[in-house]
Amino acid sequence: MARISTGLLTSTALERRLTLRGRLTKPIAACCIARLLVLATEDHRQPIIAYIDSGGGLASETLGILSTMNGIRCPVITFCNGQAAGPALVIAAHGLKGFRVAAPGARFSFKLLAETSRGRKAGGIESTLRLLADTLAEDAQKQPADVLEWFRAGTEFSAQEALEQGLIDAIGTQPLLPESGQTTTEKG
């Protein structure tokens with residue numbers, strides 16, 4: 001009987017990573033959610049590192065990833081090593097406080113792509129946008145109206161400006177890892 005491999009979902013202790021690269025689509029979001037759940041099940045005390053380099057995608061799919069990040073017991077550390085646009089920006093800022101890092105050349109864009117709203121009614125788009133803005137406002141300690149205006153204007157930030165606005169906690173070439181025993185499950 002032939003075996004068919006669907007890829008390695010489990011990981012070693014050193015490889016607790018989630019990669020969000022490219023546009024956030026339904027299949028990509030489903031893979032991210034599955035990966036978070038598998039890693040959280042393997043060891044809920046060790047952090048998961050989310051590497052983010054995404055030019056945006058479906059805002060509605062971001063809500064599922066954020067919900068999963070909130071629902072698992074292990075912390076999710078975020079590292080933006082390229083760009084974080086639209087929905088991916090919200091995920092990057094939703095990592096464990098104190099451990100949200102971006103590479104020096106990283107770019108943060110609030111510009112939403114046309115595919116973000118494809119097939120959705122205006123009211124649904126607006127309510128999803130408000131949910132993302134509310135989440136990001138809480139994570140960055142900003143007013144929701146200010147964050148909503150960033151989305152509407154398509155504001156862009158460098159890594160330094162993202163740090164100043166509270167979207168990230170540090171600029172570096174690698175993710176920050178909590179020392180053993182320092183990890184907390186408090187999200188954003």
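Let me start with two helices. Helix H1, residues 26-42, and helix H2, residues 59-71, pack at an angle of about 5°, and their axes are 9 Å apart. Two packed helices are described by exactly these two things, the angle between the axes and the distance between them. Angles under 35 degrees count as roughly parallel, so H1 is roughly parallel to H2. Please keep in mind that this is a predicted model.

Which residues make the contact between H1 and H2? On the H1 side they are Lys26, Ala29, Cys32, Ile33, Leu36 and Leu37. H2 contributes Glu61, Gly64, Ile65, Thr68 and Met69. Sorted by type, the residues of this contact are seven nonpolar, two polar and two charged.

Next, the aromatic rings. The structure has five aromatic pairs, and I will go through two of them.

In one pair, the ring centres of tyrosine 51 and phenylalanine 79 are 5.9 Å apart, with the planes at 80°. Planes over 60 degrees apart count as edge-to-face, so this pair is edge-to-face. Where do the two residues sit? Tyrosine 51 is in strand E2, residues 48-54, while phenylalanine 79 is in strand E3, residues 76-85. The pair therefore ties together parts that are 28 residues apart in sequence. Are they buried or exposed? Tyrosine 51 has 16% relative accessibility and counts as buried. Phenylalanine 79, at 4%, counts as buried.

Another pair is phenylalanine 110 with tryptophan 150. Here the ring centres are 5.2 Å apart and the planes are at 55°, so the pair is tilted. Phenylalanine 110 lies in the loop between strand E5 (107-109) and helix H4 (122-140), and tryptophan 150 lies in helix H5, so this pair ties together parts 40 residues apart in sequence. Phenylalanine 110 has 0% relative accessibility, which means buried. Tryptophan 150, at 13%, counts as buried. Phe110 and Trp150 also belong to one aromatic cluster, together with Phe151 and Phe157.

That brings me to helix H5, residues 144-153. Its buried residues are Val147, Leu148, Trp150 and Phe151. Why do we say that they line one face? Looking down the axis of H5, the buried residues fall within an arc of 150°, so they line one face of the helix. Ala145 and Ala153, on the other side of H5, are exposed. Just after the helix comes glycine 154, with a positive phi of about 70°.

So, to recap: H1 is roughly parallel to H2, and the buried residues of H5 line one face of that helix. Trp150, one of those buried residues, is part of the aromatic cluster.

Conventions: Residues numbered from 1 in each chain as written. Predicted model: local features only at pLDDT ≥ 70, side-chain atom pairs only at ≥ 80, totals over all residues. Heavy atoms only, no water. Buried < 20%, exposed > 50% of the residue type's maximum accessible area, 1.4 Å probe, protein only. Helix = DSSP H or I, 4+ residues; strand = E, 2+ residues; numbered from the N terminus. Arc of directions from axis to C-beta. Axes fitted to C-alpha atoms, helices over the stretch in contact; angles between N-to-C directions. Parallel < 35°, antiparallel > 145°, perpendicular 65-115°, else oblique. Contact = heavy atoms within 4.5 Å. Nonpolar A, V, L, I, M, F, W, Y, C, P; charged D, E, K, R; others polar. Phe/Tyr/Trp six-rings, centres within 6.5 Å; stacked < 30°, edge-to-face > 60°.
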